[in-house]
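Subject: Structure for your review

Dear colleague,

Please find below the structure that I am handing over to you. My findings follow directly after it.

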Amino acid sequence: MVKQRRLMPVLALLLSCAVIALTMLARVSMLDYQTADYNAFLSGWVQVFREGGFYTLGENVGDYNLLYQYVMLMIAKTPLHDLYLIKFFTVIFDYALALAMMQAAGHFAGKKAALPVMLIVCALPTTLIDGACWGQCDTVYVFLIVMSLYLSLIHISEPTRRTPI
């Protein structure tokens, strides 16, 4: 019984590493795919930022908010292939979202729910395809929403400690 208790965390770690490695491989395999959205819009917007620089932010290039336009400007100033950088930015938030969901699940549903939730979010087809294949930034906004809700609920559930004056 004691050996089984010691073996469970090791198995959980191995399973986690395997799932994360598989999802990373799946994402890497989709990086070369160019969507019509990238060809028609994103690559052109990056080129506008490449030519206009920082001052282009005042022109509202594309249909994204200012935060994503800053990202596009940074991508434009980097000598690497912009398709990969756009997708890499989103893939970072795929995993950040998985970690945020793990944290929220651990807090609200119990520690046993945390790891399965993280692995599920990492492996969701919508999460895999949206960023790594299509280069869309939906997970960036979902991450910000999840963290906002999580931090708001944590703040509500834990009373503020006041120090005496």
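I begin with two charged residues that lie inside the protein: both Asp 94 and Arg 27 are buried. Please bear in mind throughout that this is a predicted model.

**The salt bridge**

The side chains of Asp 94 and Arg 27 meet in a salt bridge, with 3.0 Å from N to O. The two partners belong to distant parts of the chain, since Asp 94 sits in helix α4 and Arg 27 in helix α1, which covers residues 2–29; they are 67 residues apart. A search of the whole structure finds one salt bridge.

**A buried lysine**

Helix α4 also holds Lys 87. This residue is buried yet has no salt bridge, and the nearest side chain of opposite charge, that of Asp 32, is 7.3 Å away. A salt bridge requires the nitrogen and the carboxyl oxygen to be within 4 Å. What does the side chain of Lys 87 reach at 3.2 Å? It reaches the backbone oxygen of Ala 132. Apart from neighbours within four places in sequence, Lys 87 is in contact with Met 30, Leu 31, Asp 32 and Tyr 33, and also with Gly 131, Ala 132, Cys 133 and Gly 135.

Several of these partners belong to helix α6, where the buried residues are Thr 127, Leu 128, Asp 130, Gly 131, Ala 132 and Cys 133. Gly 135, just after α6, takes a positive phi of about 70°.

**The nonpolar core**

In soluble globular proteins, nonpolar side chains tend to be buried together. Here the largest nonpolar core has 38 residues, and those with the most contacts inside it are Leu 42, Phe 49, Tyr 68, Met 72 and Ile 86. Two or more residues of this core come from each of α2 (36–52), α3 (66–76), α4 (82–108), α5 (111–123), α6 (125–133) and α7 (138–157). Which of these elements gives the largest share of the core? It is α4, with eleven residues.

Ile 86 is found in helix α4. It counts as buried because its relative accessible area is 1%, and the cut-off for a buried residue is under 20%. Leaving aside neighbours within four places in sequence, Ile 86 is in contact with Tyr 38, Leu 42, Val 46, Tyr 68, Met 72, Ile 75 and Gly 135.

Tyr 68 appears in that list, and its own contacts, with the same neighbours in sequence left aside, are Ile 86, Phe 89, Gly 135, Cys 137 and Tyr 141. In helix α3, Tyr 68 is buried, as are Gln 69, Val 71, Met 72, Leu 73, Ile 75 and Ala 76. The N-terminal end of α3 is capped by Asn 65, which has a side-chain oxygen 3.2 Å from the backbone nitrogen of Leu 67.

Helix α4 also includes Ile 92. Is this residue buried or partly exposed? Ile 92 counts as partly exposed because its relative accessibility is 41%.

**The aromatic rings**

A search of the whole structure finds seven aromatic pairs. In one of them, the rings of Phe 41 and Trp 45 have their centres 5.7 Å apart and their planes at 40°, so this pair is tilted. Both residues lie in helix α2, four residues apart, which is about one turn of the helix. An α-helix has 3.6 residues a turn, so residues three or four places apart point the same way. Phe 41 is partly exposed, with a relative accessible area of 42%, whereas Trp 45 is buried at 16%.

Trp 45 also pairs with Tyr 64 in an edge-to-face arrangement, 5.8 Å centre to centre and with 85° between the planes. Because Trp 45 lies in helix α2 and Tyr 64 in the loop between α2 and α3, this pair ties together parts that are 19 residues apart in sequence. Tyr 64 counts as buried, at 17% relative accessibility. Ring pairs link Phe 41, Trp 45, Tyr 64, Tyr 68, Phe 89, Phe 93 and Phe 143 into a cluster.

The loop between α2 and α3 also contains Asn 60. Its phi is near 55°, a positive value in a residue other than glycine.

Yours sincerely

Conventions
Residues are numbered from 1 along each chain as its sequence is written. This is a predicted model: local features need pLDDT of at least 70, side-chain atom pairs count only at pLDDT 80 or more; totals for chains, interfaces and linings use all residues. Side-chain values use heavy atoms; hydrogens and water are left out. A nonpolar core is a set of buried Ala, Val, Leu, Ile, Met, Phe, Trp, Tyr and Cys residues joined through side-chain atoms within 4.5 Å. Buried means under 20% relative accessible area, exposed over 50%, partly exposed in between (1.4 Å probe, protein chains only). Contact means heavy atoms within 4.5 Å. Lys and Arg count as positive and Asp and Glu as negative; His and the chain ends are not counted. A polar contact is a pair of N or O atoms within 3.5 Å; within protein, one must be able to donate a hydrogen and the other to accept it, and residues adjacent in sequence count only if both atoms are side-chain atoms. Rings of Phe, Tyr and Trp (its six-membered ring) pair if their centres lie within 6.5 Å; planes under 30 degrees apart count as stacked, over 60 as edge-to-face and the rest as tilted.
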